[in-house]
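Q: Please take a close look at one part of this structure, the nonpolar patch on its surface, and then set that part in the context of the whole chain.

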Amino acid sequence: MCLAVPAEVKSIDGHMATVDYGGVRRTANISLVEAKVGDYVIVHAGYAIQVMDREEAEKTLELFREMLDLESAGA
């Protein structure tokens, strides 16, 4: 199963970008999309495969936070 978590593009060097998953930074190849710093992307197997609308990405991240809070509370 694949979980699509939006990552924010923090910096770009050629086809490689540093992306941030809420404090966890990774490197991703962005050659398949037209991403710029500040965009949110979905990364699969090290490649950004989709650029997300900022509002949709933030809604998705909020849902993940809510799920984690519920899990932490034992719900």
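A: In this predicted model, L32, Y47 and I49 make a nonpolar surface patch of about 310 Å². One of these residues, Y47, lies in strand β5, which covers residues 47–52. Y47 counts as partly exposed, because its relative accessibility is 37%, and partly exposed is the class between buried, under 20%, and exposed, over 50%. The value for Y47 also fits the rule that residues of a patch have over 30% relative accessible area.

Turning from the patch to its setting, the chain has 5 strands and 1 helix, and, read from the N terminus on, these elements follow the order β-β-β-β-β-α. Strand β5, where Y47 is found, is therefore followed by the helix in that order, since five strands are written before the α element.

For the chain as a whole, the C-alpha trace spans about 45 × 25 × 20 Å along its principal axes, and of the 75 residues in the chain, 32% are buried. The surface that the chain exposes comes to about 5,200 Å², with carbon and sulfur atoms supplying 53% of that area. Among the contacts in the chain with a separation of 6 or more, 31% are between residues 24 or more positions apart. As for charge, the chain carries 7 positive and 13 negative charges, and the mean positions of these two groups are 5 Å apart.

Methods. Residues are numbered from 1 along each chain as its sequence is written. This is a predicted model: local features need pLDDT of at least 70, side-chain atom pairs count only at pLDDT 80 or more; totals for chains, interfaces and linings use all residues. Side-chain values use heavy atoms; hydrogens and water are left out. Patches are made of residues with over 30% relative accessible area and no salt bridge: like charges are joined within 9 Å, nonpolar side chains (Val, Leu, Ile, Met, Phe, Trp, Tyr) within 5 Å. Accessible areas come from the Shrake-Rupley method with a 1.4 Å probe; for residues, only the protein chains shown count as cover. A salt bridge is a side-chain nitrogen of Lys or Arg within 4 Å of a carboxyl oxygen of Asp or Glu. Helices (H or I, at least four residues) and strands (E, at least two) are DSSP runs, numbered from the N terminus. Buried means under 20% relative accessible area, exposed over 50%, partly exposed in between (1.4 Å probe, protein chains only). Contact means heavy atoms within 4.5 Å. Lys and Arg count as positive and Asp and Glu as negative; His and the chain ends are not counted. The place of a charge is taken as NZ of Lys, CZ of Arg, CG of Asp or CD of Glu.
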